[in-house]
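Q: Could you take a close look at the salt bridges in this structure, and explain where the charged partners sit and how they relate to the parts around them?

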Amino acid sequence: MKLYSTNNQSLKVDFATAVFNSMPLDKGLYMPVNIPELDKEFIDNIDQFSLSQIAFKVASVLLKDAMPLEDLQSIIDDAINFEAPVVPLDGNTGVLELFHGPSLAFKDFGARFMSRIMAYFLKDNQKTLDVLVATSGDTGGAVALGFLGVPNTRVTILYPKGKVSEIQELQLCTNGQNIHAIEVDGTFDDCQALVKQAFADETLNARLRLTSANSINISRLIPQTFYYFNAYAQLKRQGKDEVVFSVPSGNFGNIAAGLLAYKMGLPVKQFIAATNVNDTIPRFLETGIYETKPSIQTYSNAMDVGAPSNWVRIMDLFKNDKAALQQIVKSYSFTDQETLKGINELYEQFNYIACPHTAIAWLALEKYKAENPDGNYAGVFLSTAHACKFPDIFPEAIKANIEVPDQVKDLLAKPKKAEQMSTDYEAFKGYLLRY
Ligand SMILES: *Cc1c(COP(=O)(O)O)cnc(C)c1O
C-alpha cells in the first residue's frame with residue numbers, strides 16, 4: 001500500500017513510513033493512493049466468516065505488499081483477541097459493542113493493532129521506540145494496554161490531574177513494565193502542548209526515537225474497518241442486509257473507518273454521525289460551511305472536539321464531493337440534557353446501560369428512524385465504551401446496576417504509580433532524558 005498526504009498527492013510513502021511518521025510534515029493526513037475493493041463473492045458470503053477471518057481478509061487486501069501474509073495473520077490474531085457482538089435490543093435495532101477489549105473502549109482495536117505493527121517494523125538493532133501520548137481519558141488507556149509488554153517500545157502518557165475518571169486513571173497508572181504515567185497539574189491542552197514541544201525539540205530527537213500514537217495514525221484506522229464488516233456479517237446471519245450505522249463521533253476516526261469500509265465494498269444504506277454540542281460536522285453537512293469552534297466540555301467528553309482531525313480524510317475519500325457525502329452521512333447533535341434522557345430511556349425500555357457517548361448514537365438513530373419510517377433496515381448504533389468508565393454521569397439507580405467487569409476489579413487492587421509534574425517543559429524534558 002502506498003499512501004499520499006491529503007495536502008500533497010505527489011508525496012508518496014510506504015506503509016511503514018506512514019506508521020512511524022503518523023502525520024506528513026505538510027500537516028496533511030496519510031491516505032491510501034488506491035482504495036482496493038473486496039471481491040463480491042467474499043461480501044456475498046461474509047456471514048460464513050468469523051471476526052478474525054474477516055479482519056485478515058480486509059487487512060490483506062490493504063496491506064498485502066507491506067508484509068508477508070502469515071505475519072499479518074499473527075499480528076491480527078494477537079491484536080484482535082476479543083469479540084465485537086451486535087446485541088439486539090428489539091427486532092430491528094442492535095448495539096454494536098466495541099468495549100470488550102482490555103481498556104473497555106473501542107480504541108483498543110486501533111491501539112493494539114498499531115502497537116504490534118510498530119513493533120513489527122522496528123528492526124532489532126534500532127533504538128527503543130519512545131511513544132508519547134497526551135490523553136483526556138480513553139486514548140491513554142488503550143495505548144498503555146496496547147503497548148504493554150511490546151518489546152523495544154516505551155510509552156509515556158501525560159494526563160491532566162483530577163480530570164480523568166478513576167478507572168481511566170487506574171488503566172494508566174497500574175501497568176509498570178514499559179508504561180510510564182505522568183500526572184500533570186494542568187489541563188489536557190497543557191499535556192498536549194508538552195508533547196508537541198517534545199516532538200519539536202532537536203536535542204530530544206537526537207537522543208530518542210520519538211513517535212506519537214495519536215488517533216490520526218493510519219494503522220489505527222485500518223483495524224476499525226474490521227468491525228463494520230463483522231457487524232454486517234452478523235446481521236446477514238439474521239437475514240438482514242440493509243443496515244444503518246450510527247457512530248458517536250469526536251475526532252471522526254471511527255466513522256472514517258466505516259466510510260473506508262463502505263468504499264471497499266461494504267453495503268451500507270446510511271451512516272449517521274452522532275455528536276454532542278460540539279457540532280462542527282452536523283453544521284457543515286447542513287449548511288456546506290466548515291467552521292470550527294473551540295471545544296465545549298460535555299458528559300460525553302471523548303467527543304469534545306471542535307475541529308475533528310479526521311474530517312479531511314473523509315473529504316478525501318469522497319474527493320471533496322459534498323453532495324455525495326451529504327447523501328451517505330446524516331448528522332445530528334445532542335445536548336447533555338438529551339444525553340441523560342437517552343441513558344434513562346435505554347435503561348427503561350431495554351434494561352440496557354449505555355455510556356454517554358453510546359447514548360448519543362442511539363438518540364441519533366432514533367431521530368433518523370423518525371425521519372425515515374419506511375423501509376426494513378436494521379439500525380445499529382456503536383457502543384464505544386463500557387458504562388463503568390463514566391460512573392459520575394449516571395443517576396444513582398442506574399449506577400448501582402452497572403456491572404463492573406473482572407479486569408476492573410483487579411485494577412482496583414493494584415498500586416497506582418504516576419510521576420507528578422507541573423506544566424514546565426524543562427522538567428518534562430529532563431524526565432525523558434533521565435530514564
Ligand atoms: C474516542 C472516543 C469517541 C470518539 O471517536 P472518534 O473516532 O474520535 O470520532 C467516542 N466514544 C468514546 C468512548 C471514545 O473513547
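A: This is a predicted model, and the structure holds 14 salt bridges. One of them pairs aspartate 201 with lysine 429, whose closest N and O atoms are 3.0 Å apart. This pair links distant parts of the chain, since aspartate 201 lies in the loop between helix H8 (188-199) and helix H9 (202-207), while lysine 429 belongs to helix H19 (residues 425-434), 228 residues apart. Aspartate 201 has a relative accessible area of 10%, and because buried means under 20%, it counts as buried. Lysine 429 is buried as well, with a relative accessible area of 14%.

A salt bridge with another setting is formed by aspartate 406 and lysine 409, where the closest N and O atoms are 3.6 Å apart. Both of these residues lie in helix H18 (residues 406-412), and they are 3 residues apart, which is about one turn of the helix. Aspartate 406 has a relative accessible area of 56%, so it is classed as exposed, the cut-off being over 50%. Lysine 409, with a relative accessible area of 46%, is partly exposed.

Salt bridges can also share partners, and in this way Asp279, Arg283, Glu291 and Lys293 are joined into one network. Within that network, the side chains of aspartate 279 and arginine 283 meet in a salt bridge at 3.0 Å, taken from N to O. Both aspartate 279 and arginine 283 are buried.

Arginine 283 also leads us to helix H12, in which Thr280, Ile281, Pro282, Arg283, Phe284 and Leu285 are buried. Helix H12 covers residues 280-287, and because 6 of its 8 residues are buried, it is largely enclosed by the rest of the structure. What covers these buried residues of H12 includes two strands, E11 (270-275) and E12 (329-333), together with helix H13 (311-317) and helix H14 (322-328). Just after H12 comes glycine 288, which takes a positive phi of about 80 degrees.

Taken together, the examples show charged partners in several settings. Aspartate 201 and lysine 429 link distant parts of the chain, whereas aspartate 406 and lysine 409 lie in one helix, H18. Aspartate 279 and arginine 283, for their part, are both buried and belong to a network that also includes Glu291 and Lys293.

Definitions and conventions
Residues are numbered from 1 along each chain as its sequence is written. This is a predicted model: local features need pLDDT of at least 70, side-chain atom pairs count only at pLDDT 80 or more; totals for chains, interfaces and linings use all residues. Side-chain values use heavy atoms; hydrogens and water are left out. A salt bridge is a side-chain nitrogen of Lys or Arg within 4 Å of a carboxyl oxygen of Asp or Glu. Helices (H or I, at least four residues) and strands (E, at least two) are DSSP runs, numbered from the N terminus. Buried means under 20% relative accessible area, exposed over 50%, partly exposed in between (1.4 Å probe, protein chains only). Contact means heavy atoms within 4.5 Å.
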